[in-house]
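Grab the model and work through these exercises one at a time. Try each task yourself before reading its solution.

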Amino acid sequence: MTELTADWAGPARFLPPHQPTVRPDGSRHWSGLTYAVAFGFRPLQLDLWAPATSPAPLVVWVHGGGFMFGDRRELPETFRPDQVFDAFLAAGIAVASIDYRHALEAPFPAQLLDAKAAVRWLRRFGPELGLATERVGIVGEPAGAHIAASVGLTAHRPDLEPAPGVVGESSAVQAVVDWYGPADLSTMPRRPPPPHVAAKLPPELLTAPEDHLTRGLTGDALADASPVTHVTPQAPPFLLVHGTADWLVPYEQSEILHAALTAAGVPATLVPVEGALHIFDGHDDIDALVQLTVDFVAEQLS
């Protein structure tokens, strides 16, 4: 083993980007970029798609899964594989899909810190990746929407900018899209899932995911886990899209956040998807909802 020198900087906090796969249309795809090393945990990675034309605006995609499962490569089963990523790329917008620590790996604010670290890493390496790092949006569903909203609302909180990953770059974003995410964890219903759903769940998922997420938190630390507590007039524009028949994350959660944003003077649009369940189940035009999201992001990042 090589002896470490006195000027060794310590273990790597992140890795630089490797070479992409270049597609026939000139767009590029990077898979498994390590944006941060959270010591004692798995590497935190992202996948990135960038159009041939650069510098391109960027959107960060944050997957759902109740803070308990899911990964950056998966969209909800109501969507086509890669549907969201392909739609952004077709609009000339780069998209980075990120992993983050789940609730049983680490409680809040680990998930928020991870997402912020991804934004900082993308800004650090943006010039060589062909990204317009002054034009960054974030989109998530629904645990991912909670994280995305929290990223958008906490640029004024330096205490929520510690390790892991790159330091010295901004984690602020210029637009947020929140698909059916929880906004106020204190008002989330703690009712059990329907019997036909509960029968298919492992024991870990029979506890409300927000209770796993906030275990051990009290006082201000617990309040910080609810995006609505962070609303200020300096927040970026928001688009909230939510099924009115969602039993898992009630539509009222988006109403709560929309009302707080509007009261603070933040540009915010709430789009009810009439009769749709969670993950827009039961809605017959998901293409239109994806396009709505792409159009909003494109307008805000233009």
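## Exercise 1: the sheet

An open sheet of nine strands runs in the order β1-β2-β3-β5-β4-β6-β7-β8-β9, with mixed pairing. Its edge strands are β1 (21-22) and β9, each of which pairs on one side only. Strands here are DSSP runs (E, at least two residues), helices likewise (H or I, at least four), numbered from the N terminus, and two strands pair if DSSP finds at least two bridges between them.

Before you go on, some ground rules: the model is predicted, with local features needing pLDDT of at least 70 and side-chain atom pairs counting only at pLDDT 80 or more, while totals for chains, interfaces and linings use all residues. Residues are numbered from 1 along each chain as its sequence is written, and side-chain values use heavy atoms, leaving out hydrogens and water.

**Task.** Work out in which sense β3 and β4 pair with β5, and which residues stand opposite each other.

**Solution.**
1. Start with β3 (residues 44-50): this strand and β5 pair in the antiparallel sense over four bridges.
2. Look across that pairing, and you'll find Leu 48 opposite Ala 96, while Leu 46 has Ile 98 as its bridge partner.
3. Now take β4 (residues 56-62), which pairs with β5 in the parallel sense over five bridges. Here Val 59 stands opposite Val 95.
4. Finally, trace the chain from β4 through helix α1 (residues 83-90) to β5: this β-α-β crossover is right-handed. In other words, with the strands pointing away from you, the path from the first strand over the helix to the second runs clockwise.

## Exercise 2: a strand seen from both sides

**Task.** Decide why β5 counts as largely enclosed.

**Solution.**
1. Fix the cut-offs: buried is under 20% relative accessible area, exposed is over 50%, and partly exposed is in between (1.4 Å probe, protein chains only).
2. Recall that in a regular strand the side chains alternate between the two faces of the sheet.
3. Check one face of β5, where Ala 94, Ala 96 and Ile 98 are buried, then the other, where Val 95 and Ser 97 are buried too.
4. Put that together: five of the five residues of β5 (residues 94-98) are buried, so the strand is largely enclosed by the rest of the structure.

## Exercise 3: backbone oddities

**Task.** Find where the chain has cis peptide bonds and which non-glycine residues have a positive phi.

**Solution.**
1. Keep the usual picture in mind: most residues other than glycine have a negative phi, and most peptide bonds are trans.
2. Go to the Ser 54 to Pro 55 bond, which is cis with omega near 0°. Pro 55 sits in the loop between β3 and β4.
3. Next comes the bond between Phe 108 and Pro 109, also cis, with omega about 15°. Pro 109 belongs to the loop between β5 and α2 (110-129).
4. Turn to phi: Tyr 180 has a positive value of about 45°. Tyr 180 lies in the loop between β7 (175-179) and α4 (195-198), and is buried at 0% relative accessible area.
5. Ile 279 has a positive phi of about 50°. You'll find Ile 279 in the loop between β9 (268-273) and α8 (286-300), and at 15% relative accessibility this residue counts as buried.

## Exercise 4: rings around Trp 61

**Task.** Classify the pairs that Trp 61 makes with Phe 85 and Trp 179.

**Solution.**
1. Use these cut-offs: rings of Phe, Tyr and Trp (its six-membered ring) pair if their centres lie within 6.5 Å; planes under 30 degrees apart are stacked, over 60 edge-to-face, and the rest tilted.
2. The structure holds nine aromatic pairs. In one of them, Trp 61 and Phe 85 are 6.4 Å apart centre to centre with 80° between the planes, an edge-to-face pair.
3. That pair links strand β4 to helix α1, with the two residues 24 apart in the chain, and both are buried.
4. The ring centres of Trp 61 and Trp 179 are 5.5 Å apart with planes at 75°, so this pair is edge-to-face. Trp 179 is in strand β7, 118 residues from Trp 61.
5. Zoom out: ring pairs link Trp 49, Trp 61, Phe 79, Phe 85, Trp 179, Tyr 180 and Phe 280 into a cluster.
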